[in-house]
Structure formats: C-alpha cells, structure tokens
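Student: I have a model open and want to work through its packing. Can we go step by step?

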Amino acid sequence: MSAPNAGDTAWVLVCAGLVLFMTPGLAAFYGGMVRTRNVLAMLQQNMIALGVVSLTWVLVGYTIAFGDDAGSGLFGNLELFGLTDLKVPPAPNLHVVDGRITIPTLAFVLFQMMFAVITPALVTGATAGRLKFGGWVLFLAVWSIVVYAPIAHWLWHPGGWLAKFGTQDWAGGLVVHASAGAAVLAVLLVVGRRRDWPHTAAPPNSIPLTIVGAGILWFGWFGFNGGDGLQANGLAAQAVLNTHLAAAAAMLVWLALERVTDGHSTVVGAVSGAVAGLATVTPTAGYVNAASAVAIGALAGLVCHFALKLKYLLRLDDALDVLAVHFVGGMLGTLLLGLFGNRGVNPLGADGLFLGGGGGLLWRQLVGVVSVVAFSFVLTWLIAAGVQALIGLRVPPADQERLDQAQQGADAYHLGGVTSLTAPGAPRRRTATAPAGEPAVPPGRRVRLVTALLEPDPAANSADLRDALLRAGAISVIVSDAAVATTTPQASLLPRGYWQDQPLAARLRVTVLVGADGVGAVLDELDRMGARRADTFVQEAERVQS
C-alpha cells in the first residue's frame with residue numbers, strides 16, 4: 001500500500017460527513033410529510049439508525065462486507081470483528097478505484113459506515129405511522145448485519161460473487177436503494193396498512209421542513225456519489241457533476257408531468273423529482289458522461305413519476321412513496337448503466353449498449369437487480385416477521401395517529417389557529433406591567449353569549465377582530481379552533497398529485513359576551529367577517545359571582 005495521500009484522505013472524510021448529514025436530512029424530508037402528531041416519532045426512527053447501525057457496523061458489519069472473502073463470494077470472514085485486527089480496505093478490484101490505495105483503512109471504514117446507516121432508514125418513509133420503536137431498533141440491528149453487509153460484500157468487495165461476475169454499482173443503486181426498496185415490500189407485508197387506507201389521506205404537516213430536508217439530501221449526495229472513487233481527482237468531479245445534472249433534469253421532467261396531469265407544478269413535486277434523479281444516477285455516477293447523466297435524470301423523472309401508482313396496483317400502503325422514488329429509481333439506474341456505461345469516463349467500467357459494448361453489461365446488471373431484490377425481500381420478511389412475533393413491530397391501531405404522545409409523551413408543535421393570527425405593530429421589548437383586568441359586567445345588566453364560526457382568512461388579524469367586536473359592544477371575546485362538517489367535502493391537493501376530500505373544514509370559533517342591547521351590533525360585525533347566521537347562536541348568560 002502506498003503512503004496515505006492527505007488530499008484523498010481529507011476528501012473521503014469530508015464525503016463521510018456529507019453522507020452522515022443525509023440521515024438528519026432524510027429525517028426532515030420524511031418528518032415534514034407525516035401527520036402533525038407523528039413528527040417526533042418519524043425523526044427518531046431515522047436518527048436512531050446513527051446509533052444502532054454505527055455500532056453493528058464496527059462490531060460485525062464491516063468484516064462481513066469487507067473482510068477477506070470466506071471463499072463463496074457471499075460474505076467476508078470474521079477476522080476483522082470489532083476492528084481488532086484491521087487490514088487495508090480491499091479496493092483494487094472494486095471497479096471504482098485504480099488500485100493505488102491512498103487513504104487510511106479507518107477513513108474507508110467510516111465512509112462505508114454512513115452508507116450502512118442511511119440504507120435501512122429509507123424504509124421509515126414507507127411505514128410512516130406504524131412502527132413500534134423497540135421493534136424498529138431490533139430490526140435495524142439485525143437487518144444491517146444479515147442483509148446489508150452481505151450485499152455490500154457481493155458488489156463492493158473484489159471477492160464478491162457479483163463483483164467477479166461483472167455487475168457494477170458505483171455508489172449504491174443496488175446496495176442501498178434496491179435493497180432498501182425490496183425491504184420496504186417485505187416490511188409492508190408484515191406491518192400492514194394504516195387505518196382506512198387508501199380512503200383516508202394524510203396531509204403533510206410542514207412542507208417547508210420537507211424542502212429543507214430535500215436540500216440537505218441533495219447537498220449530501222455530492223459526498224454519497226463523489227467519494228466512492230476514494231480519491232480527489234477528475235473522476236470524483238465527474239461523479240459530482242453527474243449527480244447534480246441528473247437531479248436537475250429529473251426535477252424539470254417531474255414538474256412538467258405534474259403540470260400536465262394535475263394542473264400545478266408544486267415544490268414537493270420538484271424535490272420528489274430531484275430525489276428520484278439522485279437515486280437513479282447513484283449506480284452510474286462514476287461510469288457515465290455528463291450528457292448521459294442528463295438523460296438518466298430525465299428518464300428518472302418520467303418513470304418514477306408514473307411509478308407513484310405502483311403502491312395502488314400492489315395494494316401496499318407505502319406512505320411516502322419510497323417504492324416509486326428509491327426502489328424504482330435504484331433499479332432503473334442500475335439497468336441504465338447497461339446502456340450508458342462509458343469506459344472513456346472510467347477505464348475500470350465497461351461500455352454499455354449505446355457505446356458499442358453490446359448487451360453483456362446490461363445482462364450482468366439485470367442479474368444483479370434480480371439477485372439483490374430477491375435476497376433482500378426474503379431475508380427482510382423473515383426478520384420483520386420474527387421481530388413482530390418476538391416483541392412487536394407494528395404499533396396498535398389506536399396509536400397510529402398519535403405516535404408522538406404514545407412513544408415520547410411530547411408533541412412537535414404547540415401552535416393553533418388562534419396563536420398564529422397576526423396583529424399590527426413592530427416587535428418591542430416586553431415591559432413589566434400589571435395584568436390587564438377583564439371588563440367588568442355591571443350588576444343587574446342582562447348579557448348574552450354570541451357564538452359564531454368564521455373562516456380563518458377574513459379574521460386573520462387578531463387586533464382588527466378584537467377591536468371591531470369591542471366597538472360593537474362586546475364585553476369579552478374568546479377565539480378558539482373548530483372544525484365543522486360540510487355538506488360538500490372540500491378537495492385539497494396533497495403532495496405528488498394526490499387529492500383528498502376533507503369533510504371537516506377548519507374554522508375559528510368566536511365566543512362574545514355582550515350586553516343584550518348590543519347583540520345586534522355584534523351580529524352585524526360578525527356577518528361582515530363572514531359568519532353565517534345559520535352557524536351563529538345567541539344564548540342567555542349569567543354572570544358568575546366571584
């Protein structure tokens with residue numbers, strides 16, 4: 001082994017950090033898409049992978065994946081258990097490295113660890129609202145050892161049987177995305193569907209959080225694909241450029257399809273297309289030129305967009321479309337390498353069908369897809385079924401829409417429609433003042449309680465609402481959130497072209513205490529704000545003596 005190169009070592013360590021950053025990015029990406037009461041659970045399901053899989057990787061995962069081949073091409077021996085007898089990483093025949101190993105082994109261990117961490121975390125997007133935390137932790141530990149590590153050995157170790165067969169996977173189209181996608185299929189068979197799916201949709205709680213998560217994923221993907229050559233050179237630059245171009249092309253194609261099919265080009269569609277492009281270019285990033293990367297990204301946007309219907313055809317409740325984006329994207333990119341592979345970009349690659357290489361590479365890629373998907377699906381089903389029987393993997397149905405409280409005893413948000421109303425005035429420092437007293441009700445004065453429902457928009461300014469009612473004679477004003485049944489359900493657009501009909505519409509409930517002589521003026525003011533007389537009530541009220 002040559003002496004470690006400082007530049008290459010620094011580049012691989014930076015890429016390891018970028019891939020690590022993708023796990024909280026994935027947590028945010030998924031966390032913004034789930035129900036308000038399941039946000040913390042989703043964030044934790046992703047973040048816990050950093051703890052669990054990091055340890056399983058150091059103890060046994062690395063030696064299974066990158067230890068000396070046990071002789072079958074299926075897994076490595078256990079000589080590197082716990083990294084107690086560390087050897088150089090087996091890079092020369094990994095297709096992606098030219099044979100001159102220029103980084104310390106521990107840098108390689110760390111870089112590969114981050115791939116092991118994020119791969120099973122992809123599953124959580126499909127199973128949103130259904131995973132029992134303890135069962136998920138056990139599943140993570142077992143899956144990272146039994147499924148992920150052997151597949152990494154098959155493709156990224158020189159003695160792996162698919163590596164020797166000639167199947168290529170630059171950064172994880174098979175090792176990461178196809179294996180996780182097949183795992184999604186198996187886990188969904190065990191945990192089943194959410195209540196009332198597909199008739200009840202789950203609106204996202206925070207699209208901005210999803211967009212931030214997508215941005216982190218896009219940024220981190222530069223390390224995901226850029227570091228696999230283990231050198232800071234022109235090939236790394238080509239891989240990073242290809243990564244970005246494929247995401248950009250997929251985004252634009254996805255948005256165009258949304259415009260044609262749904263009438264709107266949405267920001268969620270934009271990032272969904274970008275992630276689909278990123279997943280699809282992953283197995284090809286270090287083997288194709290820039291023009292091919294654009295074509296691969298465009299095909300990803302087209303195919304993955306139409307693959308959104310896959311979960312309905314299979315009757316699988318894939319909550320956040322992991323199958324369409326990651327599973328289909330990973331397999332598609334792996335097969336497209338058989339068409340666009342270019343030895344002019346990477347001499348250790350192979351020419352694809354479009355570059356005069358014939359169908360040999362495409363055949364080898366197909367064998368890889370079938371083998372990885374079948375292995376991951378069968379082993380994952382056995383693991384998930386075992387965890388379900390042992391300690392439970394699926395949460396009770398009653399907890400599906402309140403996982404944050406059930407599992408953590410906390411809520412992600414503490415804001416309602418009332419506290420989010422605006423009011424005029426510049427920000428100012430709070431000063432110590434005496435508490436404001438409530439308006440007194442003169443003894444003997446007859447009072448009424450007026451209750452009305454308002455659309456949130458006309459009453460968006462809390463100061464205007466209060467002042468108008470006080471001018472009309474109100475003694476006290478209380479505003480709270482409400483939901484009312486509608487005769488015609490309100491159709492609302494959900495991410496990725498889905499729609500739901502909401503039979504309960506959000507309203508503000510305004511309760512006003514007013515003297516009997518001021519009821520008419522208050523009703524007129526409420527009418528001006530959009531209240532319907534049919535939803536407005538006037539009751540006799542009695543002042544409570546202190």
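Student: Is Cys-304 buried or exposed?

Tutor: This is a predicted model. Buried means under 20% relative accessible area. Cys-304 has a relative accessible area of 0%, so Cys-304 is buried.

Student: How many disulfides does the chain have?

Tutor: The rule asks for a pair of cysteine sulfur atoms within 2.5 Å. Burial does not enter that rule: Cys-15, for one, is buried at 0% relative accessibility. By the distance rule, the count is zero.

Student: What share of the chain is buried?

Tutor: The chain has 546 residues. Its secondary structure comprises 16 helices and four strands. Buried residues make up 52%.

Student: Which helix gives the largest share of the largest nonpolar core?

Tutor: That core holds 121 residues. Trp-57, Phe-139, Tyr-148, Leu-155 and Phe-224 touch the most other members. The largest share of the core is 13 residues, and they come from residues 173-191, helix α6.

Student: How many residues are in the second, separate core?

Tutor: Its members include Ala-452, Val-519, Leu-526 and Ala-531. In soluble globular proteins, nonpolar side chains tend to be buried together. The size of this second core is 17 residues.

Student: Which residues of helix α15 are buried?

Tutor: Helix α15 covers residues 462-471. Gly-473 follows α15, with a positive phi near 115 degrees. Within the helix, the buried residues are Ala-463, Leu-465, Ala-468 and Leu-469.

Key. Residues numbered from 1 in each chain as written. Predicted model: local features only at pLDDT ≥ 70, side-chain atom pairs only at ≥ 80, totals over all residues. Heavy atoms only, no water. Buried < 20%, exposed > 50% of the residue type's maximum accessible area, 1.4 Å probe, protein only. Helix = DSSP H or I, 4+ residues; strand = E, 2+ residues; numbered from the N terminus. Core = buried A, V, L, I, M, F, W, Y, C linked by side-chain atoms within 4.5 Å.
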